[in-house]
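Biologist: Could you teach me how to read a model like this one, feature by feature?

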Amino acid sequence: MDPRVSAKAMEHCGKASWYALTSRTASGEMADPDSLSAAHRSLPFGTMVQVKNLQNGKTVVVRINDRGPFVKGRIIDVTRAAAVELGFLSRGVTKVEVRIASESAPLKFSKAPICGD
């Protein structure tokens with residue numbers, strides 16, 4: 001686990017949206033809407049996070065390679081491909097639970113969600 005990631009950043013809830021950037025990301029790499037990546041305001045580039053759509057229970061692991069979202073109330077922007085995996089492409093926005101994926105923790109969510117209703 002990256003020592004720059006605080007315990008508070010390990011798990012959080014909020015809204016996710018998707019975007020289809022095709023230029024350079026804030027990390028300097030070319031964006032790829034068909035990759036499983038995402039934008040987060042503060043997590044270090046390269047951080048792997050698991051995103052769970054709280055509307056349907058679908059999950060996906062994405063790599064942070066960009067900054068954002070810049071819309072109030074949203075905690076993560078995922079690529080088009082990740083939105084398809086999460087099942088919210090047509091809705092555009094959904095409520096999610098985000099957890100840092102680590103080598104020491106299994107990549108699955110516990111039965112007790114961290115998010116309230």
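Biologist: Let us start with one residue: where in the chain is Phe70 placed?

Modeller: Phe70 lies in the loop that links strand 4 (59-66) with strand 5 (74-79). Helices and strands here are DSSP runs, numbered from the N terminus: H or I over at least four residues for a helix, E over at least two for a strand. This is a predicted model, so local features need pLDDT of at least 70 and side-chain atom pairs count only at pLDDT 80 or more, while totals for chains, interfaces and linings use all residues. Residues are numbered from 1 along each chain as its sequence is written, and side-chain values use heavy atoms, with hydrogens and water left out.

Biologist: Is Phe70 buried or exposed?

Modeller: Buried means under 20% relative accessible area, exposed means over 50%, and partly exposed is in between (1.4 Å probe, protein chains only). Phe70 counts as exposed because its relative accessibility is 71%. Phe70 also shows how sequence and space can be read together: Ala39 is 31 residues away in sequence, and the C-alpha to C-alpha distance is 9.8 Å.

Biologist: Which other residues should I look at in that loop?

Modeller: Try Lys72, which is also placed between strand 4 and strand 5. Lys72 counts as exposed because its relative accessibility is 84%. Its C-alpha is 9.5 Å from that of Lys15, with the two positions 57 residues apart in sequence. Pro69 is in this loop too, and the peptide bond that joins Gly68 to Pro69 is cis, with omega about -5°.

Biologist: Let me step back to the whole chain. How many helices and strands are there?

Modeller: The chain has 1 helix and 6 strands. Read from the N terminus, the order is β-β-β-β-β-α-β. The chain has 117 residues, and 43% of them count as buried.

Biologist: How do I read its contacts by sequence separation?

Modeller: A contact means heavy atoms within 4.5 Å. Take the contacts between residues at least 6 apart in sequence: 70% of these join residues at least 24 apart.

Biologist: And which residues have the most contacts inside the largest nonpolar core?

Modeller: A nonpolar core is a set of buried Ala, Val, Leu, Ile, Met, Phe, Trp, Tyr and Cys residues joined through side-chain atoms within 4.5 Å. The largest one here holds 18 residues, and Val49, Val51, Val62, Ile76, Val78, Val96 and Val98 have the most contacts inside it. Two or more residues of this core come from each of strand 3 (48-53), strand 4, strand 5, helix 1 (80-86) and strand 6 (93-100).

Biologist: Asn53 caught my eye. What does its side chain do?

Modeller: Asn53 belongs to strand 3, and it counts as buried because its relative accessibility is 2%. A polar atom of the Asn53 side chain is 2.9 Å from the backbone oxygen of Leu86. Leaving out residues up to four places away in sequence, Asn53 touches Lys58, Leu86, Gly87, Phe88, Thr94, Lys95 and Val96.

Biologist: What joins the side chains of His40 and His12?

Modeller: A polar contact of 3.2 Å joins them; the term means N or O atoms within 3.5 Å, where within protein one must be able to donate a hydrogen and the other to accept it, and residues adjacent in sequence count only if both atoms are side-chain atoms. His40 sits in the loop between strand 2 (37-39) and strand 3, and it is buried because its relative accessible area is 7%. Beyond four places in sequence, the residues that His40 touches include Ile64, Asp66, Arg67, Gly68 and Ile75.

Biologist: Arg67 again! Where does its charged end sit?

Modeller: The charged end of Arg67 is over the ring of Phe45, 4.2 Å from the ring centre. The criterion is NZ of Lys or CZ of Arg within 6 Å of the ring centre and within 35 degrees of the ring normal.

Biologist: Can we finish with a pair of strand residues?

Modeller: Ser17, in strand 1 (residues 11-19), is buried because its relative accessible area is 5%. Val93, in strand 6, counts as partly exposed because its relative accessibility is 24%. Ser17 is in contact with Val93, and also with Arg74, Ile76, Asp77, Val78, Phe88 and Gly92, leaving aside neighbours within four places in sequence. With residues up to four places away left out, Val93 touches Lys15, Ala16, Ser17, Arg74 and Phe88. The C-alpha atoms of Val93 and Asp77 are 9.3 Å apart, and these residues are 16 apart along the chain.
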